[in-house]
2 protein chains.
Amino acid sequence: MKKITIVDVAKRAGVSKGTVSAVINAKNSVKPSTRDEILAVMKELNFRPKGIARKLKNGEVDNTIGLIIKDLNYPFYTSIASGVKEYANSKGYSVIITSSEDNHESEIRFSHIFSTKDIKGTIIAPVVEGTSEIEHLFKLKMVNYPFVLLEDVRGIQANVVAIDNLKAIKKAVKYLIDGGHTKIVHFAGPHKSSHTQERIQGFRHAFSESTLVFHKDMIVDIGSGYDESFTKTMEYFKDKKKEDYPTAIVCFNDQQALGVMIALKELKIKIPDEISVIGNDDIFYSQIYPVPLTTIRAPLQEIGRKAAEILINNIESSQIMPIERVVMNTEFIIRGSTKLLK
Amino acid sequence: MKKITIVDVAKRAGVSKGTVSAVINAKNSVKPSTRDEILAVMKELNFRPKGIARKLKNGEVDNTIGLIIKDLNYPFYTSIASGVKEYANSKGYSVIITSSEDNHESEIRFSHIFSTKDIKGTIIAPVVEGTSEIEHLFKLKMVNYPFVLLEDVRGIQANVVAIDNLKAIKKAVKYLIDGGHTKIVHFAGPHKSSHTQERIQGFRHAFSESTLVFHKDMIVDIGSGYDESFTKTMEYFKDKKKEDYPTAIVCFNDQQALGVMIALKELKIKIPDEISVIGNDDIFYSQIYPVPLTTIRAPLQEIGRKAAEILINNIESSQIMPIERVVMNTEFIIRGSTKLLK
DNA sequence: TTGGGTCATTAAATCGGTTCAATTAGAGAA
DNA sequence: TTCTCTAATTGAACCGATTTAATGACCCAA
């Protein structure tokens with residue numbers, strides 16, 4: 001079953017390629033009767049003109065950029081996406097999005113698909129698993145394909161717009177320590193995220209700069225999904241005596257924090273009186289929980305805008321531009337889910 | 001500033017196109033020294049090979065489908081997207097997504113971009129504004145481009161996977177009426193959404209099938225955004241006497257319902273004791289509100305899967321397939337935000 | 001010196017459309 | 001009947017890469 005081309009249609013309809021092309025493009029230079037005839041043949045053969053071939057000749061430009069995020073259902077990424085769209089649209093670019101679902105293979109596949117579809121450049125939230133393979137990024141670099149990363153990737157020099165996770169968490173933990181908390185734990189996110197590692201680091205740093213002593217039990221493996229967080233939190237408290245409870249939990253992100261808070265409610269542990277909870281990301285929905293979440297806000301829209309700006313500058317420059325690395329600062333937002341002890 | 005092509009690189013490097021092509025594709029048939037020379041020229045000229053030209057020849061197939069949704073930040077659409085991805089991936093297809101932001105122009109632009117980028121077919125949540133223009137859909141039909149709509153669009157015969165909104169709302173309202181509620185209002189969504197119209201219809205139908213009498217004041221224009229809903233709800237209750245309060249509010253969707261509930265809390269109106277609230281869509285985050293929301297659940301993932309199934313069947317068929325129209329039923333989920341009066 | 005083999009490079013064909021100058025058909029005018 | 005003009009159609013060139021058979025250069029063995 002070979003591919004039907006415009007030649008097949010032309011032959012069958014007894015006309016030339018040019019005439020068929022005119023019909024496809026709704027030119028009014030075609031006599032109605034032949035037009036109908038050709039349309040009929042197109043239907044009969046189920047002819048689908050190949051878009052990429054159409055574009056090659058007329059050079060028509062559509063200015064589309066790509067965005068590869070990790071999770072379509074997490075507001076963190078969709079907020080960034082909004083920022084990307086905003087800037088891109090203002091410059092006359094369209095944005096298409098895809099989610100790698102935190103899967104490295106998908107990221108590779110998409111980076112290839114995008115670079116091969118006349119999508120002018122791509123913003124990538126990279127899946128970094130240990131020393132994960134970055135060949136695909138090198139390939140992009142080789143062909144001067146413009147891209148911007150949303151996290152640092154070890155081993156490659158590339159444009160990055162990142163969040164200063166370390167500093168952010170450090171500040172939050174410091175706030176707790178200065179406020180008299182001593183039993184603080186960090187509910188860590190998924191292993192492979194570089195965010196997870198950076199946040200753990202930040203947590204440790206805060207301790208090393210205080211009089212308190214860090215212990216590895218303070219890092220609890222919880223993950224980032226809501227259900228997952230709920231379950232793991234229930235487990236965590238299950239056979240713990242009340243006097244061993246932490247007085248504060250620093251969460252990996254807001255979604256996790258939500259799961260944690262629901263679990264604490266189930267366990268009849270009062271927030272913030274018995275335990276303080278700090279989130280991360282400041283997603284919209286954390287406002288609606290009855291105890292407003294103290295959290296760390298990253299300027300997500302701004303990150304998206306900045307990434308888009310760098311990308312489009314690269315796309316539009318005729319020379320190769322110097323690599324940019326932008327680190328965004330976060331804002332610590334104190335709301336009702338934390339309480340200081342002194 | 002004309003476009004740099006492989007010919008420019010070849011000329012500059014003093015080799016043939018073929019050799020440059022070999023370098024681009026990392027073939028090991030090139031002598032390291034010429035390879036380096038060519039790479040240097042590529043950098044110097046900032047040469048970016050045109051993806052679509054690469055594909056034309058080697059016919060490499062990547063099986064990508066598109067999805068055009070209306071709002072990237074509303075879980076309703078991202079849940080559908082998950083379903084689409086799930087089915088598509090199982091069949092070896094990748095999915096790329098874009099959001100029209102409920103803007104008709106964007107929808108047109110994207111449907112064109114997709115059909116022109118070797119994206120095999122597209123699922124569209126159509127923006128329908130009154131008798132909005134549907135030329136772009138006719139164009140797609142003309143070139144036999146496979147697509148599936150997520151709402152009915154008047155004036156065109158096309159594959160549709162839709163929700164039976166009318167029936168859904170009717171059922172919910174009937175539940176309230178049978179339960180003794182008489183002062184029921186509907187907080188309607190954005191005008192241009194066909195969902196809005198269908199839900200209003202469903203509301204009216206429920207009344208016409210009861211002994212109660214419908215009055216147009218029962219339809220309140222609120223919109224669907226969270227902030228918007230909050231504000232409009234506050235306004236709605238502002239100069240209303242307590243005895244004029246409705247006893248039940250049927251909301252357009254969960255996001256609106258969330259805004260409404262927060263407003264009611266602000267107004268110190270108890271849910272469900274003073275007013276019952278019903279949502280729509282059953283988005284994840286409505287679970288975390290302390291009063292669990294009674295809502296209508298649409299099988300969103302299932303909708304996505306089904307749409308993807310129809311689309312891919314069309315893509316893979318060598319003949320034109322008969323048009324399918326699937327209407328999904330909803331499930332009425334009774335939780336804590338409603339209370340019957342008898 | 002010749003022949004065989006390997007490695008590197010080239011030139012031409014190709015992918016599937018679009019474009020446009022040239023041609024043809026047919027109608028109406030002179 | 002011939003000429004003009006317009007409308008419809010054709011065919012060849014083109015877009016920017018990839019592919020592959022053919023060629024060239026070089027080395028080594030016979």
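These questions and answers concern a predicted model.

Biologist: How many helices and how many strands does chain A have?
Modeller: Helices and strands are taken from DSSP runs. For chain A the result is 12 helices and 12 strands.

Biologist: What is the radius of gyration of chain A, set against a compact globule of 342 residues?
Modeller: A compact globule of 342 residues would have a value near 20 Å. The C-alpha atoms of chain A fill a box of roughly 90 × 45 × 35 Å along the principal axes. The radius of gyration of chain A is 26 Å.

Biologist: What percentage of the residues of chain A count as buried?
Modeller: A residue is buried if 20 or more other C-beta atoms lie within 10 Å of its own. Of the 342 residues of chain A, the share that counts as buried is 46%.

Biologist: Which element gives the largest share of the side of chain B that touches chain A?
Modeller: On this side, 47 residues of chain B are in contact with 47 residues of chain A. The elements that give two or more residues include helix H3 (32-45), helix H5 (75-90) and strand E2 (94-99) of chain B. The largest share is six residues, and it comes from H4(B).

Biologist: Which element gives the largest share of the surface near DNA strand C?
Modeller: DNA strand C is surrounded by 27 residues, and among the closest are Lys57(A) and Val15(B). Helix H2 (17-24) and helix H4 (51-58) of chain A each give two or more residues, as do H2 and H4 of chain B. The largest share, five residues, comes from H4(A).

How values were computed: Residues are numbered from 1 along each chain as its sequence is written. Chains are lettered from A and ligands numbered from 1 in the order in which they are written. This is a predicted model: local features need pLDDT of at least 70, side-chain atom pairs count only at pLDDT 80 or more; totals for chains, interfaces and linings use all residues. Two residues are in contact if their C-beta atoms, placed from the backbone, lie within 7 Å. Helices (H or I, at least four residues) and strands (E, at least two) are DSSP runs, numbered from the N terminus. The radius of gyration is taken over C-alpha atoms; the globule rule is 2.2 Å times the number of residues to the power 0.38. A residue is buried if 20 or more other C-beta atoms lie within 10 Å of its own, exposed if 12 or fewer, and partly exposed in between; C-beta atoms are placed from the backbone. A residue is near a molecule or strand if its C-beta atom, placed from the backbone, lies within 6 Å of it.
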